Amino acid sequence: MQRFALYLGLAIALAGCVPMAAPPVASAPRLGPEQVLENFREVIARVEPVAEQLCREQTPDQRCDFAIYVDRAPRSGVNAFHTIDDAGRPAIIFTVALIAVAANVDELAYVMGHEAGHHIGRHLPQARASAHLGAEVFAQIARAGGVSERAVGEAAQIGAVVAARQFTRQAELEADAIGTIIALRAGYDPLRGAAFFERLPDPARSFLATHPPNALRMETVRRTLAEARRPGP
């Protein structure tokens, strides 16, 4: 059972990290260090209050006071993700590499809105629950087959990872939609911001990808943007 708990813990930890993107990123015009810093500061100042307001509107029972952190580790790659910090605040973490390769403020705003969308969508607890359920189902199937406890633990790990991957694809699209609304309300162009996907490896080419295809994500942004701009009754 200790091995089962270890495998499940690893899978849930994997599910708890919801990355926006990973390297490599195709080339784009490089901005100078001063412009990069100015863009990042501007986006935080404009997007954070909008994200917090939307969070309070849609999930008033959650903490909505986002904390923004920068991961300066050179090996972290091009990434951004949502987590909960030691103080219990919803946190959005950007790596230095992502900040540096963002071609414009729209891309940074969209990424920040996307990560805030993970919190608003309650994706961390849902991912953990999904991984736990997947682990239990696969473990029960393995036990019914009369295999060893070690094999049961391995089956639980597989079940947790499979369930987490499936949930993550759905969660990414929901975060894309929420991020579109946040970026738009903050005065940015979500479609221009989501063009960041075009410089990423397409998950559609990977059988084990945790993220949906780039084309589907872009379509989600376009559809959400069209609905947001549609005149009301």
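Throughout these legends, a residue is called buried when its relative accessible area is under 20%, exposed when that area is over 50%, and partly exposed in between (1.4 Å probe, protein chains only). By that yardstick Y110 is buried, with a relative accessible area of 0%. The model is predicted: local features need pLDDT of at least 70, side-chain atom pairs count only at pLDDT 80 or more, and totals for chains, interfaces and linings use all residues. Residues are numbered from 1 along each chain as its sequence is written, and side-chain values use heavy atoms, with hydrogens and water left out.

**View A. Strand β4 and its covered residues.** Helices (H or I, at least four residues) and strands (E, at least two) are DSSP runs, numbered from the N terminus. Strand β4 spans residues 90-95, and 6 of its 6 residues are buried. P90, I92 and F94 point one way, while A91, I93 and T95 point the other way. In a regular strand, side chains alternate between the two faces of the sheet.

**View B. The partners of β4.** Two strands pair if DSSP finds at least two bridges between them. Strand β2 (residues 67-71) runs parallel to β4, joined by 5 bridges, and I68 has I92 as its bridge partner in β4. Strand β3 (residues 80-84) pairs with β4 in the antiparallel sense, also over 5 bridges; here I84 is matched with P90. β3 and β4 form a hairpin with 5 residues between them, and G88 in the turn has a positive phi of about 85°.

**View C. Two aromatic pairs.** Rings of Phe, Tyr and Trp (its six-membered ring) pair if their centres lie within 6.5 Å; planes under 30 degrees apart count as stacked, over 60 as edge-to-face and the rest as tilted. A search of the whole structure finds 2 such pairs. The ring centres of F40 and F94 are 5.2 Å apart and the planes stand at 80°, so this pair is edge-to-face. F40 lies in helix α2 (residues 33-58) and F94 in strand β4, so the pair ties together parts that are 54 residues apart in sequence. Both F40 and F94 are buried. Y110 and F197 are edge-to-face as well, at 5.9 Å centre to centre and 85° between the planes. That pair links distant parts of the chain, 87 residues apart: Y110 sits in helix α4 (residues 105-120) and F197 in the loop between α7 (190-194) and α8 (214-229). F197 counts as buried at 1% relative accessibility.

**View D. A charge over a ring.** A charge sits over a ring if NZ of Lys or CZ of Arg is within 6 Å of the ring centre and within 35 degrees of the ring normal. The charged end of R46 sits over the ring of Y188, 4.1 Å from its centre.

**View E. Helix α5 and its two ends.** Helix α5 (residues 123-144) has 22 residues and reaches 31 Å from its first C-alpha to its last, close to the 32 Å expected (1.5 Å times one less than its number of residues). Which residues of α5 are buried? They are H123, L124, A127, A131, G134, A135, A139 and A142. These residues cover an arc of only 130° around the axis (taken from the directions from the helix axis to the C-beta atoms), which puts them on the same side of α5. The face turned away from that buried side carries the exposed residues L133, Q140, I141 and A144. In the loop between α4 and α5 you will find R122, which has a positive phi of about 60° although it is not a glycine. R122 is partly exposed, with a relative accessible area of 29%. After α5 comes G146, whose phi is positive, near 75°.
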